Amino acid sequence: MPDEQQAFPSVWTRPRRQRRDQPALSREQIVSTALELLDAEGIEALSMRKLGTRLNAGATSMYSHVANKDELVELVVDEVYGEIAVPEPGAPADWRADVVACSHSMRSAFLRHPWVVSVLGESGVAHLGPNMLRMTDAVLALFENAGFSLQAADRAFNTLVSYIVGISTSEAAHLTALARSGQDEQEWVERLWPAAEQAVSAYPRLRELYAAQRGQSAGGARDDHFDGGLACVLDGIAARLKD
């Protein structure tokens with residue numbers, strides 16, 4: 001296995017093995033079960049041994065599809081990218097609405113699988129995964145249809161994804177901590193609020209912001225925060241289109 005991993009640093013660069021007999025286990029089964037394990041127990045719980053137990057399969061059956069845990073993570077990350085809905089390019093004037101819809105779908109996929117944001121920087125060459133390629137090409141088409149050059153569309157896409165991954169990382173960490181504590185998000189916020197207001201009492205701008213947010217739905221506040229930041233990102237991208 002080590003020699004093969006050195007020769008092929010990613011599951012997407014290693015040719016898939018061809019077997020004449022019918023394999024007892026498919027790559028799709030492995031990825032689906034790994035996704036269930038990750039959603040239930042988090043990234044810390046993922047191991048080839050634990051996955052094999054869930055699949056009731058030996059190492060040989062799994063290693064015929066994935067060389068190691070790193071390759072498995074690449075496959076599962078791409079599976080999550082496959083959940084992101086990308087609209088077909090419509091009228092050029094609608095590009096922003098199309099990008100907003102895709103951005104919301106990406107954020108939703110990350111929050112359904114909150115462990116994923118912790119491994120995006122470790123998932124090898126994730127940009128070569130088939131679902132990631134499909135999404136990337138589709139979003140580039142949205143920007144191109146709006147009038148961006150391909151190079152400008154690429155910069156806009158990278159900026160957009162950086163924003164979504166960044167804010168989703170914070171949200172996922174928050175929601176994961178809540179899930180582990182067994183607390184309801186709204187109740188947690190309401191219990192924390194008096195201490196938070198006391199902490200910012202000497203800072204007039206923060207005090208005003210906290211006062212304005214008092215009583216808001218916790219989930220709704222996160223949605224508003226995402227939408228507001230997304231609008232700023234898209235305003236900047238749109239301004240570059242006018243240059």
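1. Helix 9 provides the largest share of the lining of the largest pocket, namely eight residues. The model discussed here is a predicted one, and helix 9 covers residues 185-199.

2. Other elements also take part in this lining. Helix 8 (150-181), helix 10 (204-213) and helix 11 (218-242), like helix 9, each supply at least two residues to the largest pocket.

3. The volume of the largest pocket is about 670 Å³. Its lining comprises 23 residues, of which Val189, Trp193, Gln213, Ala221 and Arg222 are the closest to the centre of the pocket.

4. As to chemical character, the lining of the largest pocket consists of 10 nonpolar, eight polar and five charged residues.

5. The second largest pocket has a volume of about 310 Å³. It is lined by 17 residues, and those closest to its centre are Gly42, Pro114, Trp115, Thr176 and Arg180.

6. Two or more residues of the lining of the second largest pocket come from helix 2 (27-41) and from helix 8. Helix 8 gives the largest share, six residues. Helix 8 thus deserves attention in both places: it supplies at least two residues to the lining of the largest pocket and six to the lining of the second largest pocket.

7. The lining of the second largest pocket divides into nine nonpolar, four polar and four charged residues.

Definitions and conventions
Residues are numbered from 1 along each chain as its sequence is written. This is a predicted model: local features need pLDDT of at least 70, side-chain atom pairs count only at pLDDT 80 or more; totals for chains, interfaces and linings use all residues. Side-chain values use heavy atoms; hydrogens and water are left out. On a 1 Å grid over the protein atoms alone, a cavity is a set of points where a 1.4 Å probe fits but cannot get out, and a pocket is an open set with protein on both sides within 12 Å along at least five of seven lines; lining residues have an atom within 4 Å of a point. Grid points are joined across faces, edges and corners, and a volume is the space filled by probe spheres set on the points. Helices (H or I, at least four residues) and strands (E, at least two) are DSSP runs, numbered from the N terminus. Ala, Val, Leu, Ile, Met, Phe, Trp, Tyr, Cys and Pro count as nonpolar, Asp, Glu, Lys and Arg as charged, and the others, Gly among them, as polar.
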